[in-house]
Amino acid sequence: MFIDSHCHLNFPDLVSQLDQHLAAMAKNNVSHALIVAVDRAGIPGILKLAEQHPQFFASVGMHPDHENEPEFSVEELCELSAHEKVIAIGETGLDYYRLEGDLSWQRERFRVHIRAARQVGKPLIIHTRSSAEDTLSIMQEESARDATGVMHCFTESKEVAKAALDMGFYISMSGIVTFKSAQDLKEVAKYVPLDRLLIETDAPYLAPVPFRGKMNHPALVMHVAEEIANLRQITLDEVARATTENFFRLFAAASVSETVPA
Ligand SMILES: [Zn+2]
Ligand SMILES: [Zn+2]
């Protein structure tokens, strides 16, 4: 079975067809999906989905692209993450691609998330875009290695992957790895140790080949796994087993209400 380690199933276009997406997950052997928060408004809906469906886990946090939102304090994030289906803090990180100008608020927000993750002992979901250097230095300065976590939708170089791996982080591949143009990323997917790899859709974005350009959903994570199996010359089964074990090892809180699948 497969786990989608990062999706936004609570977004209106996806959640309006929830039954369909659950059926597709069952058909493709996708046992679980982690629904990742991007803002305050989405969190109650994510928690409700996670409470109602054993397939779903939740995270709490605020995405670096969400400007002008009231910031979370460390205490508030800690309180929200006490919910038993919340297994991670994020998504958080830096994004210098989408926004310009003085982004010191982004860096401060990122630090708050790292402090909360360390305090509650739940791993971080880190988004980094055109900002790898600052992302890694803040991770160092705030001792993110104590919380660990995942570099989600990874699109950076081998060197950045190595730096994150050295801090105990996992690397998650999205549908981008299936794109013909992503030759460097395909190399990273071969480079990362199998016991540190995760797979994700980042749905509704970034549908993998052969669905590129369409709306993405958790069942399609299987195609990310297929690409990794091809690249590493291992069986799809091995990718399924490794990435599922990795998920439950990293997100230890997920195992509390779950039996780890064999
Ligand atoms: Zn992201
Ligand atoms: Zn995301």
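Buried here means under 20% relative accessible area. By that cut-off F248, at 5%, goes down as buried. The structure is a predicted model, and what follows starts from the aromatic residues, moves through the nonpolar cores and ends with the metal site and some backbone oddities.

F248 pairs with F247 in an edge-to-face arrangement, the ring centres sitting 5.5 Å apart with 85° between the planes. F247 has a relative accessible area of 1%, so it is buried as well. F247 has another partner in F251, and this time the pair is tilted, at 4.9 Å centre to centre and 55° between the planes. F251 is buried, just like F247. Together with F57, these phenylalanines (F247, F248 and F251) make up one aromatic cluster. For the model, the count of aromatic pairs comes to four.

On to the nonpolar cores. In soluble globular proteins, nonpolar side chains tend to be buried together. The largest core here takes in 71 residues, and the ones with the most contacts inside it are F56, L124, M139, F169, I171 and M173. Helix α9, residues 221–232, supplies the largest share of this core, with seven residues. A second core, separate from that one, has 16 residues, among them V36, I125, Y170 and F247. F247 therefore turns up both in this second core and, being buried at 1%, in the aromatic cluster with F57, F248 and F251.

F169, one of the best-connected residues of the largest core, is worth a closer look. Leaving aside residues up to four places away in sequence, F169 touches L124, I126, M139, A144, R145, T148, G149, V150, M151, A164 and R196. Two names on that contact list, L124 and M139, are also among the residues with the most contacts inside the core.

The metal site comes next. The zinc ion (ligand 2) is held by H6 and H8 through their NE2 atoms, by E91 through OE and by D202 through OD, at 2.1 to 2.5 Å. Angles between the four donor atoms run from 85 to 174°, so the arrangement around the zinc ion (ligand 2) is irregular. Along the chain, the donors of this ion are spaced as H-x1-H-x82-E-x110-D. The other zinc ion (ligand 1) lies 3.5 Å from the zinc ion (ligand 2), with E91 coordinating both. H6 belongs to strand β1 (residues 2–7) and E91 to strand β4 (residues 86–95), so the pair ties together parts that are 85 residues apart in sequence. Neither residue shows much surface: H6 is buried because its relative accessibility is 0%, and E91 is buried too, with a relative accessible area of 1%.

E91 has a backbone quirk on top of its metal duty. The peptide bond joining G90 and E91 is cis, with omega at about 15°, and E91 itself lies in strand β4. Another cis peptide bond runs from V209 to P210, where omega is near 10°. P210 is found in a loop, the one between β8 (197–199) and α9; α9 is also the helix that gives the largest core its largest share of residues.

A couple of non-glycine residues have positive phi values. For N29 the angle is about 65°, and the residue sits in the loop between α2 (18–27) and β2 (30–35). N29 has a relative accessibility of 47%, so it counts as partly exposed. S130 shows a positive phi of about 55° and is placed in the loop between β5 (124–129) and α6 (132–141). With 46% relative accessibility, S130 is likewise partly exposed.

Last come the cysteines. A disulfide is a covalent bond between the sulfur atoms of two cysteines. Searching the whole structure turns up zero disulfides. C7 is in none, and the nearest cysteine sulfur, belonging to C153, is 13 Å away. C7 is also buried, since its relative accessible area is 0%. C78 has a relative accessibility of 13% and so counts as buried too.

Methods
Residues numbered from 1 in each chain as written. Chains lettered and ligands numbered in written order. Predicted model: local features only at pLDDT ≥ 70, side-chain atom pairs only at ≥ 80, totals over all residues. Heavy atoms only, no water. Donors = N, O, S within 2.8 Å, 3.2 Å for Na, K, Ca; no water. Tetrahedral: all angles 85-135°; square planar, octahedral: opposite > 155°, others 65-115°. Helix = DSSP H or I, 4+ residues; strand = E, 2+ residues; numbered from the N terminus. Buried < 20%, exposed > 50% of the residue type's maximum accessible area, 1.4 Å probe, protein only. Core = buried A, V, L, I, M, F, W, Y, C linked by side-chain atoms within 4.5 Å. Contact = heavy atoms within 4.5 Å. Disulfide = S-S within 2.5 Å. Phe/Tyr/Trp six-rings, centres within 6.5 Å; stacked < 30°, edge-to-face > 60°.
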